[in-house]
Amino acid sequence: MKSPSQWNDILIQCQVRPVTAARWAEVFSATILSDTFSRDDELDDFLGQFLHESIMLEGMEESLNYTVDALLGMFGRHRITEEEARKYGRTATQKANQPAIANCLYGGSWGKKHLGNTEAGDGWKYRGRGGGVTGRTNYGKVGQVLGIDLVNNPDMLAQPEWALKSFIAWWEGNI
């Protein structure tokens with residue numbers, strides 16, 4: 001078990017901004033214990049992946065700040081139409097409408113089938129948080145593992161404690 005000051009040093013060595021490392025050090029110390037991982041050699045790989053997914057601990061919520069071209073290039077027309085991409089995507093004169101993008105990408109019949117998003121607005125409500133949990137069904141599964149109600153409180157997954165715990169649960173194959 002590492003102390004908060006040890007975690008602070010580790011995170012800074014990993015290129016996490018010092019102010020961010022200080023904010024997260026206590027969470028890492030309280031959450032990552034000697035028996036957290038099933039293998040002793042997992043911590044480095046886990047940390048690298050979590051730092052990548054969380055943009056060096058700066059973002060616990062998925063950015064949907066896509067340009068029109070990115071939307072058209074990255075997603076199939078069964079997820080977002082060209083008209084929707086042009087209407088909601090970022091341009092030189094328009095900000096991305098991130099809630100509308102999320103509802104296109106993660107809603108509709110695709111979102112219902114693959115993510116359990118059954119209600120209007122579920123795409124945005126259950127967008128990627130906590131290192132990559134996306135969709136009503138997955139929020140429910142993660143919440144069960146963590147013993148919290150994420151379906152009714154999805155913003156909890158953007159909080160450091162729950163983001164880290166959810167990623168550990170995913171990493172260890174508990175979800």
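**Exercise 1. The surroundings of helix α2**

Against which helices do the buried residues of α2 pack? Determine this in the predicted model, and describe the course of the helix.

*Solution.*
Step 1. Establish the extent of the helix. Helix α2 covers residues 18-31. At 1.5 Å a residue, its 14 residues should span 20 Å, and the C-alpha atoms at its ends are indeed 20 Å apart, so the expected and the actual span agree.

Step 2. Examine the course of the helix. A kink of about 40° occurs in α2, and its centre is Trp24.

Step 3. List the residues that are hidden. The buried residues of α2 are Thr20, Ala21, Trp24, Ala25, Val27, Phe28, Ser29 and Thr31.

Step 4. Identify the packing partners. These buried residues of α2 pack against α1, α3 and α10.

**Exercise 2. Aromatic pairs**

Describe how Trp24 and Phe50 are arranged as an aromatic pair, and do likewise for Phe46 and Phe167.

*Solution.*
Step 1. Begin with the total. The whole structure contains 13 aromatic pairs.

Step 2. Consider the pair formed by Trp24 and Phe50. Their ring centres are 5.9 Å apart and their planes form an angle of 65°. Planes over 60 degrees apart count as edge-to-face, so the pair of Trp24 and Phe50 is edge-to-face.

Step 3. Place the two residues in the chain. Trp24 belongs to helix α2 and Phe50 to helix α3, with their positions 26 residues apart, so that the pair links distant parts of the chain.

Step 4. Check their accessibility. Trp24 has a relative accessibility of 1% and is therefore buried; Phe50, at 0%, is buried as well.

Step 5. Turn to Phe46 and Phe167. This pair is tilted, with 5.4 Å from centre to centre and 55° between the planes. The pair joins helix α3, which holds Phe46, to helix α10, which holds Phe167, across a separation of 121 residues. Phe46 is buried at 0% relative accessibility, and Phe167 is buried at 3%.

Step 6. Combine the pairs. Ring pairs connect Trp7, Trp24, Phe28, Phe37, Phe46, Phe50, Phe167, Trp170 and Trp171 into a cluster.

**Exercise 3. Salt bridges**

How many salt bridges does the structure hold? Examine three of them, and decide for the partners of two whether they are buried or partly exposed.

*Solution.*
Step 1. Recall the principle. Side chains of opposite charge can pair when their charged atoms come close.

Step 2. State the count. There are eight salt bridges in the structure.

Step 3. Examine Arg17 and Glu58. Their side chains form a salt bridge with an N to O distance of 2.9 Å. Arg17 is in the loop between α1 and α2, whereas Glu58 is in the loop between α3 and α4, 41 residues apart. Arg17 has 47% relative accessibility, so it counts as partly exposed; Glu58, at 39%, is partly exposed too.

Step 4. Examine Arg136 and Asp122. Their side chains meet in a salt bridge at 3.0 Å, N to O. Arg136 is in helix α9 and Asp122 in helix α8, 14 residues apart. Arg136 is buried, its relative accessible area being 17%, and Asp122 is buried at 2%.

Step 5. Examine Asp155 and Arg129. The N to O distance in this salt bridge is 2.9 Å. Asp155 is in the loop between α9 and α10, and Arg129 in the loop between α8 and α9, 26 residues apart. Arg129 is buried at 2% relative accessibility.

Step 6. Look for shared partners. Salt bridges with partners in common join Glu61, Arg127, Arg129 and Asp155 into one network.

**Exercise 4. The position of Gly89**

Where does Gly89 lie, and with which residues is Gly89 in contact, leaving aside its neighbours within four places in sequence?

*Solution.*
Step 1. Locate the residue. Gly89 lies in the loop between α5 and α6.

Step 2. Assess its exposure. The cut-off for a buried residue is under 20% relative accessible area; Gly89, at 0% relative accessibility, is therefore buried.

Step 3. Name the contacts. Apart from neighbours within four places in sequence, Gly89 is in contact with Tyr66, Thr67, Val68, Leu71, Glu84, Gln94, Lys95, Ala96 and Ile101.

Step 4. Compare sequence with space. Gly89 and Ala70 are separated by 19 residues in sequence, and their C-alpha atoms are 8.4 Å apart.

Technical notes:
Residues are numbered from 1 along each chain as its sequence is written. This is a predicted model: local features need pLDDT of at least 70, side-chain atom pairs count only at pLDDT 80 or more; totals for chains, interfaces and linings use all residues. Side-chain values use heavy atoms; hydrogens and water are left out. A salt bridge is a side-chain nitrogen of Lys or Arg within 4 Å of a carboxyl oxygen of Asp or Glu. Helices (H or I, at least four residues) and strands (E, at least two) are DSSP runs, numbered from the N terminus. Buried means under 20% relative accessible area, exposed over 50%, partly exposed in between (1.4 Å probe, protein chains only). The expected span of a helix is 1.5 Å times one less than its number of residues. The bend at a residue is the angle between axes fitted to the seven residues ending there and the seven starting there. Contact means heavy atoms within 4.5 Å. Rings of Phe, Tyr and Trp (its six-membered ring) pair if their centres lie within 6.5 Å; planes under 30 degrees apart count as stacked, over 60 as edge-to-face and the rest as tilted.
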